[in-house]
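Let's take a friendly walk through this chain, from its overall build down to a few charged pairs. Have the model open beside you as you read.

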Amino acid sequence: MIVQDNSVVAEKSFGKFTYSDDSKDVDNKSIYDIASITKVLSVTPITMKLINQRKLSLNHTLDQYYPHLRGEVKGEITVKHLLTHSSGLKPFVEFYKKDSTMERSAMVENILNLDLDFSPGEKMQYSDLGIIVLMDIIEKVSGSTLDKLCDKWIFNKIDMLSTSYNPDASLVAKIAPTEDDNYYRNRLLQGEVHDENAHLLGGVSGHAGIFSNAHDLAKYAQLFLNKGTWLGNRIFSDSSVDEFTTRQNLPPGSDYALGWDTPSRNGKSSAGDYFSNKSYGHLGFTGTSLWVDSENDVIVVLLTNRVHPTRQKKGMYSLRRNFHTEIMKAIL
């Protein structure tokens, strides 16, 4: 789906759900497991809301929520470090291989007990683990679960009717199957989160778990281009939108805003060559992407099923890059 100046330029669907002869055609209402785009639909906006309510601050440190970390370098990790992937926490751990019945509290405890890879703020290293910790903090300060907060504060507010964690069984027929999982769950995954650690967490996590379609993701992006308003209702403050979508340079040279990524400055961005410096977005492991250019007022949503039937497929990087380059050449 491509939107420019608040108008739909294109909304098109291609292909089928699977490679079988009797497979369903993809249509404009098809729903996908959006994988890591979850990060900018869940912990990122909920953190914005909690900061506005003065229940959370970007400068709050882990030792404020986990007192046993006082006096440790880990205790100095801030919410800002978590959102900019500069905490020093490891990228991920295959907890599902260690204990297929592990509960959330045990997973968070495991993460907090791990050695850091570097001192907070020293480097950028994309970390699902940091986002899982941030979800835990959000639930501590809000007294609610992340999925309920997303529904109440974001999805229901702007009528994202096809967006949720753990989608209802009635929607499964509309959901593109992801991997034919032959090593963990031993079944074709359809309407069930692809990410294994998110599955261990009951399908609800800050790093993965949301299902959505192109129309809903474009709506959400438009909310940000509108500086936080939707149909006359203010969801976020304009200053909050500006802050969270601006590169933080933490550490210097990093491309990350707060929760959001920005087009890489090395000339090889998955967003292609034409998104402006005022752009932000995110990718998902399953083959999904969302890019927003606030200077040119453009939204591009690309939802594919890269991991079907297996994740051992190459070519997504060049596909995304070429797609975004050609789109922007055509409309700018």
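What follows covers the fold as a whole, then the charges, and then individual salt bridges.

## The chain as a whole

Please keep in mind that this is a predicted model. The chain contains eleven helices and twelve strands. How does its radius of gyration agree with that of a compact globule? For 332 residues, such a globule would have a radius near 20 Å, and the chain has 19 Å, so the two agree. If you lay the C-alpha trace along its principal axes, it spans about 60 × 45 × 40 Å.

Looking inside, you will find that 58% of the 332 residues are buried. Among contacts with a separation of 6 or more, 64% are between residues 24 or more positions apart. On the outside, the chain exposes about 14500 Å², and 47% of that area is supplied by carbon and sulfur atoms.

## Charges and salt bridges

The chain carries 37 positive and 41 negative charges, and the mean positions of these two sets are 2 Å apart. The structure holds 16 salt bridges. The table lists three pairs to look up in the model.

| Salt bridge | N to O distance |
|---|---|
| Asp117 and Lys90 | 2.6 Å |
| Asp255 and Arg247 | 3.8 Å |
| Glu326 and Lys329 | 3.4 Å |

Let's start with Asp117 and Lys90, which form a salt bridge. This pair links distant parts of the chain, with the two positions 27 residues apart in numbering. Asp117 lies in the loop between α5 (104–113) and α6 (128–142), while Lys90 lies in the loop between α3 (79–83) and α4 (95–98). Asp117 is partly exposed, with a relative accessible area of 36%; Lys90 is also partly exposed, at 26%.

Next, are Asp255 and Arg247 buried or exposed? Both residues are buried, and their side chains meet in a salt bridge.

Glu326 and Lys329 bring us to helix α11 (residues 316–331). Why are these two separated by about one helical turn? Because they are three residues apart in that helix. Their side chains meet in a salt bridge. Glu326 is partly exposed, with a relative accessible area of 46%, and Lys329 is partly exposed as well, with 44%.

Salt bridges can also share partners, and in this way Asp181, Arg185, Arg187 and Glu192 are joined into one network.

Notes:
Residues numbered from 1 in each chain as written. Predicted model: local features only at pLDDT ≥ 70, side-chain atom pairs only at ≥ 80, totals over all residues. Heavy atoms only, no water. Helix = DSSP H or I, 4+ residues; strand = E, 2+ residues; numbered from the N terminus. Rg over C-alpha atoms; globule rule 2.2 N^0.38 Å. Buried < 20%, exposed > 50% of the residue type's maximum accessible area, 1.4 Å probe, protein only. Contact = heavy atoms within 4.5 Å. Areas by Shrake-Rupley, 256 points an atom, 1.4 Å probe, with all protein chains shown as cover. Lys, Arg positive; Asp, Glu negative; His and termini not counted. Charge placed at Lys NZ, Arg CZ, Asp CG, Glu CD. Salt bridge = Lys/Arg side-chain N within 4 Å of Asp/Glu carboxyl O.
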